[in-house]
Amino acid sequence: MSSRERVLARVQRAVGERPESAAEAYVREVPRTYLVEHGARTTAETVDLLAENLADYRALVHRTDEEELPYLLMRLLAEAGPDTVLVPPGLPPEWLAAADPVRLHDRAVSTPQELDRVGAVVTGCALAVAETGTIVLDGSPDQGRRRITLIPDHHICVVRVPQQVVASVPQALSRLDPRRPLTWISGPSATSDIELDRVEGVHGPRTLQVILVE
Amino acid sequence: MSGTFVGMPAFPAAAREAVGDATLRANLRHATHTIRDKRARAVAELDDWAALREAGRRIKDHTLRHLDTYLVQLEESVTAAGGTVHWAADADEANAIVTELVRATGEREVVKVKSMATQEIGLNEALEEAGIRAYETDLAELIVQLGKDRPSHILVPAIHRNRGEIGAIFRREMAGWGRPAPEGLTDSPAELAEAARLHLREKFLRAKVGISGANFMVAETGTLVVLESEGNGRMCLTLPETLISVVGIEKVVPTWRDLEVFLQTLPRSSTAERMNPYTSTWTGTTDGDGPKTFHLVLLDNGRTDTLADEVGRQALRCIRCSACLNVCPVYERAGGHAYGSVYPGPIGAILSPQLRGMGSEIDRSLPFASSLCGACYEVCPVAIDIPEVLVHLRERVAEGGEVVRNGARITVRPAKGHAAERAAMRAAAWAFRRPGVLRTGQRLASGTRRLHPRRLPGPGRAWSASRELPEVPRESFRDWWQRTQGGPAEGSTK
């Protein structure tokens, strides 16, 4: 008997006879009495909450509009001072039209060691969750491969508001495609491993800037 | 489970030693109290916490009841998404599978994301024997690995270490494992985190094989989910060419939507955050992004045996948040090592004896490592009634009975050392069935109450060593009732 058969047989012996199928029982046995959203907010208030919660976990939040975006990015990159900035393949070219650092397209820097020498990365996102202060990346062309937002020490993420903002985790999951590799980001990398106290800045980007573009 | 814990003394002996360690007690007290208050605030933010907790409980119970169906569905989904699924009935099988998979890549080192399942099976030791070096990359796991120590907490395995001790370990040990600690490294947490970042980065960048566990597996889609904070998880899950995930079979949930419950309850319960910094989900392999090869090892190792126990099976709902450790008065004082398992604290006291069986002294003592105060049940985000299972397992230890081990039904004999307890309980049952005997006994006890010792003699000594004997009242309730018919007890003292 294979281990697969053995494990499955043990499960069947352990739980005994079941009168209905898993699918039938699931509908009946799993209540969804919890809230889809916590509290009632206008769209503008939801965006404000996102900004507040992002900042609470030490993301640096900036708000601007389409027209000003290239100049804000120019300023943020100039302040941080990297020579190079990594760009996913589908990033709208006008975003970095005013920026000084040399743009490196992903794929041009293929190895992790090469990525480690890049100063910053600019991406879009799939959506943002207001209640938890989370941005979610799904590997779309304006976000690129997972590694490009991981190895560089400075990540600038552009969120289009209000269309990319959802209030809650349930709303986020229903809009995301599970077949895509997802990365949920809530603030810069952190650890609670020393005396259960939160310290920002371990392996992921130590600076996370989120730009909310109206 | 892991060979690391073989030969552990039973809980009372290990706890006595731990309680005498003033530094350990101070470290634990500081850490658990810090997180306790934060958790309460994070949970209070959600008006529907009770409904989320109930939904979590129901999803897990439902899944366990149909575990075979969901495991087969998961296997199909993962396979369809480009992954390969392996089944391991026990630790040895899982270790053999993983070792063989790593060997097949030709690599001699792997990077690991913190994983309870791989600790449970002693994977690092098994790989070491095969000449493969496993690097732990979670900060606390790194502290444990560098300090040649054992984990003492589910979420923060180095919780028993304070910053001064961690700094000393880094300065002393890092050079032996790779990049040395920076010159002049102090004990500030930010500098310690920076030292870990520098030490591990070269390992991440060159790693070809990553090993992980998972917090959840979605049967419907074949998606695995890892919640973490530091980014070491993302490194291990996305940079290597080969990813091997070892996951307990109870981690499966039916649908993608089910995650909406646990992604709200797990972060708030474990690190007391609205959301942990990083959550990664992946479904098989993705062209051009992340590992080219993905293996999922489904681990039983005592889980189906636990499932066979109708009371004890609720322990399998556990999502490893560690909230129960942080509120436990026993854990706070005894620390994690005394539990002799990678699963310490209240959940460990019910999980370890069920996963491992009650063959060892430590596992027979664990159900007694509790005051039954119930704080663990109250904070549990999937409503595991830990006190209920503790009492159930105590009965199993004292009375023996039928259990399932390695899939076979066996009868365990009553454990030694509980003879006096059994005799006392039998005597009590006999007396309670005979009102006349009970009344005589109570009057006798009341009449002699000034003569009662503070400690029991003979076989009762161990029991009363850690308990105050209750004071016997001057009059029993029944006598008082018959005398007064429940009227005002004039002149009576308590």
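User: In this predicted model, which residue meets B:Glu260 in a salt bridge, and at what N to O distance?

Analyst: The model is predicted, and side-chain atom pairs count only at pLDDT 80 or more. The two partners differ in their cover, since B:Glu260 counts as buried at 4% relative accessibility, whereas the other side chain, that of an arginine, is partly exposed with a relative accessible area of 43%. The residue that meets B:Glu260 is B:Arg257, and the N to O distance is 3.1 Å.

User: Which residues do salt bridges that share partners join into one network?

Analyst: One of the pairs to consider is B:Asp61 with B:Arg57, whose side chains meet in a salt bridge at 3.4 Å, N to O. Salt bridges that share partners extend beyond this pair, and the network they make is B:Glu54, B:Arg57, B:Arg58, B:Asp61 and B:Arg317.

User: Where in chain B do B:Asp61 and B:Arg57 lie, and how many residues apart are they?

Analyst: Both side chains are partly exposed, B:Asp61 with a relative accessible area of 27% and B:Arg57 with one of 23%. Their spacing along the sequence corresponds to about one turn of the helix that holds them both. That element is helix 3 (residues 49-65) of chain B, and the separation is 4 residues.

User: Which residue forms a salt bridge with B:Arg303, and how many residues apart are the two?

Analyst: The closest N and O atoms of this salt bridge, formed by B:Arg303 and B:Glu120, are 2.8 Å apart. The pair links distant parts of the chain, with B:Arg303 in helix 13 (residues 303-307) of chain B and B:Glu120 in helix 6 (residues 116-120) of chain B. B:Arg303 and B:Glu120 are both buried. The partner is therefore B:Glu120, given that a salt bridge needs a side-chain nitrogen of Lys or Arg within 4 Å of a carboxyl oxygen of Asp or Glu, and the separation in sequence is 183 residues.

User: How many salt bridges are there over all chains?

Analyst: The pairs described above include B:Glu260 with B:Arg257 and B:Arg303 with B:Glu120. Taken over all chains, the count of salt bridges comes to 49.

User: Which residues gather in a patch of negative charge on the surface of chain A?

Analyst: One member, A:Glu94, lies in the loop between strand 2 (84-87) and strand 3 (102-105) of chain A. A:Glu94 is partly exposed, with a relative accessible area of 45%, so it passes the requirement of over 30% for membership of a patch. The residues that gather there are A:Asp65, A:Glu66, A:Glu67, A:Glu68 and A:Glu94.

User: Which two residues of chain A does a cis peptide bond join?

Analyst: Most peptide bonds are trans. In this cis bond omega is about 0 degrees, and the proline that takes part in it is placed in the loop between strand 7 (154-160) and strand 8 (165-166) of chain A. The two residues are A:Val161 and A:Pro162.

User: Is B:Arg320, with its positive phi, buried or exposed?

Analyst: Most residues other than glycine have a negative phi. Phi of B:Arg320, however, is near 60 degrees, and B:Arg320 lies in the loop between helix 13 and helix 14 (323-327) of chain B. Its relative accessibility is 11%, and since buried means under 20%, B:Arg320 counts as buried.

User: What is the relative accessibility of B:Leu372, whose phi is also positive?

Analyst: Phi of B:Leu372 is near 60 degrees, and the residue is found in the loop between helix 17 (361-365) and helix 18 (375-379) of chain B. B:Leu372 counts as partly exposed, its relative accessibility being 34%.

User: How far apart in space are B:Asp363 and B:Pro353, C-alpha to C-alpha?

Analyst: B:Asp363 belongs to helix 17 of chain B and is buried, with a relative accessible area of 3%. In sequence, 10 residues separate B:Asp363 from B:Pro353, and in space their C-alpha atoms are apart by 4.8 Å.

User: What separates the centres of domain 1 and domain 2 of chain B?

Analyst: The domain assignment of chain B gives domain 1 as 3-299 and domain 2 as 419-484. Taken over C-alpha atoms, the separation of the two centres is 50 Å.

Key: Residues numbered from 1 in each chain as written. Chains lettered and ligands numbered in written order. Predicted model: local features only at pLDDT ≥ 70, side-chain atom pairs only at ≥ 80, totals over all residues. Heavy atoms only, no water. Patch = residues over 30% accessible without salt bridge, like charges linked within 9 Å, V, L, I, M, F, W, Y side chains within 5 Å. Areas by Shrake-Rupley, 256 points an atom, 1.4 Å probe, with all protein chains shown as cover. Lys, Arg positive; Asp, Glu negative; His and termini not counted. Charge placed at Lys NZ, Arg CZ, Asp CG, Glu CD. Buried < 20%, exposed > 50% of the residue type's maximum accessible area, 1.4 Å probe, protein only. Domains from an automatic or database assignment.
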